[in-house]
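Hi,

Here is the structure I promised to pass on. Have a look at it first, and my notes follow below.

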Amino acid sequence: MSQGPVSADVKSCCATLYESDFARMLLGDSFHPGGLNLTRRLGEKLELRATARVLDVASGKGESAIFLAHTFGCEVVGIDFGAENVREATVRTEQAHLGHLVRFEQGDAERIAYPEASFDAVICECAFCTFPDKQAAAGEFARVLKPGGKVGLSDLTRATALPAELTGLLAWIACIADARPVAEYSDYLSTAGMVNVEIEPHDNALAEMVRDIQAKLLGVELMTKLKKLDLEGIDFAQAKTLASAAAAAVRAKTLGYAILTADR
Ligand SMILES: C[S@@+](CC[C@H](N)C(=O)[O-])C[C@H]1O[C@@H](n2cnc3c(N)ncnc32)[C@H](O)[C@@H]1O
């Protein structure tokens with residue numbers, strides 16, 4: 001990792017934040033800009049079919065994996081660093097009666113526990129930028145893909161250096177602090193041996209998500225003050241500062257969002 005907090009702390013803080021009730025209140029169950037519309041776009045760009053075996057890296061609560069299996073009929077394995085995410089995603093799969101197509105396991109993007117050439121497609125939504133060793137993760141994506149397989153990332157991008165408010169630990173685990181210029185994501189994929197990298201900007205999806213989070217933050221804070229919600233330990237001032245700094249960076253086009261696809 002280039003700079004910033006210690007690698008193991010980042011991974012476990014990230015998993016803990018996204019397992020929390022607070023994250024669910026602000027984000028719902030799909031933890032990336034554009035929600036399932038952008039997941040569908042990723043699936044279309046990867047040309048997913050019913051015969052495909054897909055790996056969803058950092059699968060969170062399983063929303064995208066379940067959606068892809070339901071929409072394209074493909075088999076999906078989701079891995080996530082957080083044990084609680086894996087447990088919840090497994091329950092949701094059973095509720096969706098998709099246990100024959102979808103399963104979840106605890107795992108680390110930088111050391112994927114599958115042999116080479118195991119998957120037709122790898123997706124990773126709004127998580128690559130949080131991985132301390134991005135090149136190792138890109139190398140793992142390429143390794144577990146079959147020749148001719150496809151990778152699809154959707155992630156936060158930055159055009160220039162970020163302001164100081166967007167580089168602390170909270171910003172890091174909120175997927176912002178280590179956002180990279182889109183060309184750098186492309187380089188990680190190329191260095192890992194992927195070809196035909198395509199980039200599709202989706203900045204509006206991020207702008208909408210940040211607006212939505214700002215509105216929900218106010219609501220959640222009010223409910224907490226009225227004692228209708230018990231969210232002990234949440235620093236609302238810090239969260240609001242982070243959200244308004246993110247909104248300003250999106251308006252200034254310093255922060256954006258993009259889909260990248262490439263072939264093995
Ligand atoms: C912003 S959430 C995105 C979740 C999901 N992809 C989605 O779009 O809803 C980031 C996820 O990355 C997971 N994560 C963070 N570091 C990881 C790692 N090294 N390996 C696997 N998962 C990781 C977290 O547990 C969290 O679920």
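Which side chain does the side chain of Asp178 make a polar contact with? Keep in mind that this is a predicted model. The partner is Lys134, and the two side chains come to 2.4 Å of each other. Asp178 sits in a loop, the one that runs between α7 (169-173) and α8 (182-191). Despite the loop position, Asp178 is buried, since its relative accessible area is 7% and the cut-off for buried is under 20%.

Now the ligand, which you'll probably want to look at next. There are 22 residues around the ligand, and the closest are Phe31, His32, Ala58, Asp80 and Ala109. Three polar approaches are worth clicking on:

- Phe31 uses a backbone N or O atom, which lies 2.8 Å from an oxygen atom of the ligand.
- His32 uses its side chain: a polar atom there is 2.5 Å from an oxygen atom of the ligand.
- Phe81 has a polar backbone atom 3.1 Å from a nitrogen atom of the ligand.

On its own the ligand has 600 Å² of accessible area, and the protein covers 99% of that. The shell is made up of 11 nonpolar, 7 polar and 4 charged residues. Helix α1 (residues 7-19) gives the largest share of the shell, with 4 residues.

On to the inside of the protein. In soluble globular proteins, nonpolar side chains tend to be buried together. Here the largest nonpolar core has 72 residues, and Val57, Phe128, Phe141 and Leu255 have the most contacts inside it. Leaving out residues up to four places away in sequence, Val57 touches Ile79, Ala109, Ile112, Val122, Ile123, Cys124, Glu125, Phe131 and Phe141. There is also a second, separate core of 16 residues, with Cys14, Phe31, Val220 and Ala243 among them. You'll recognise Phe31 from the ligand, where it is one of the closest residues.

Helix α4 (residues 63-72) is another spot to check. It is mostly covered, with 7 of its 10 residues buried. Those are Ser64, Ala65, Ile66, Phe67, Leu68, Ala69 and Phe72. The cover over them includes α3 (35-45), β1 (53-57), β2 (75-80), α5 (83-95), β3 and β4. Right after α4 comes Gly73, with a positive phi near 75°.

What about positive phi in residues other than glycine? Two cases are below.

- Ala117 has phi near 55°. It belongs to the loop between β3 (102-106) and β4 (119-125), and counts as partly exposed because its relative accessibility is 35%.
- Lys253 has phi near 65°. It belongs to the loop between α10 (236-251) and β7 (255-263), and counts as exposed because its relative accessibility is 59%.

Last one: Leu260, in strand β7. Is Leu260 buried or exposed? Leu260 counts as buried, because its relative accessibility is 1%. Leaving out residues up to four places away in sequence, Leu260 touches Val151, Gly152, Leu153, Val182, Tyr185, Ser186, Leu189, Val197, Glu198 and Ile199. Leu260 and Asp120 are 140 residues apart in sequence, and their C-alpha atoms are 16 Å apart in space.

Cheers

Technical notes. Residues are numbered from 1 along each chain as its sequence is written. This is a predicted model: local features need pLDDT of at least 70, side-chain atom pairs count only at pLDDT 80 or more; totals for chains, interfaces and linings use all residues. Side-chain values use heavy atoms; hydrogens and water are left out. A nonpolar core is a set of buried Ala, Val, Leu, Ile, Met, Phe, Trp, Tyr and Cys residues joined through side-chain atoms within 4.5 Å. Buried means under 20% relative accessible area, exposed over 50%, partly exposed in between (1.4 Å probe, protein chains only). Contact means heavy atoms within 4.5 Å. A residue is near a molecule or strand if one of its heavy atoms lies within 4 Å of it. A polar contact is a pair of N or O atoms within 3.5 Å; within protein, one must be able to donate a hydrogen and the other to accept it, and residues adjacent in sequence count only if both atoms are side-chain atoms. Accessible areas come from the Shrake-Rupley method with a 1.4 Å probe; for residues, only the protein chains shown count as cover. Helices (H or I, at least four residues) and strands (E, at least two) are DSSP runs, numbered from the N terminus. Ala, Val, Leu, Ile, Met, Phe, Trp, Tyr, Cys and Pro count as nonpolar, Asp, Glu, Lys and Arg as charged, and the others, Gly among them, as polar.
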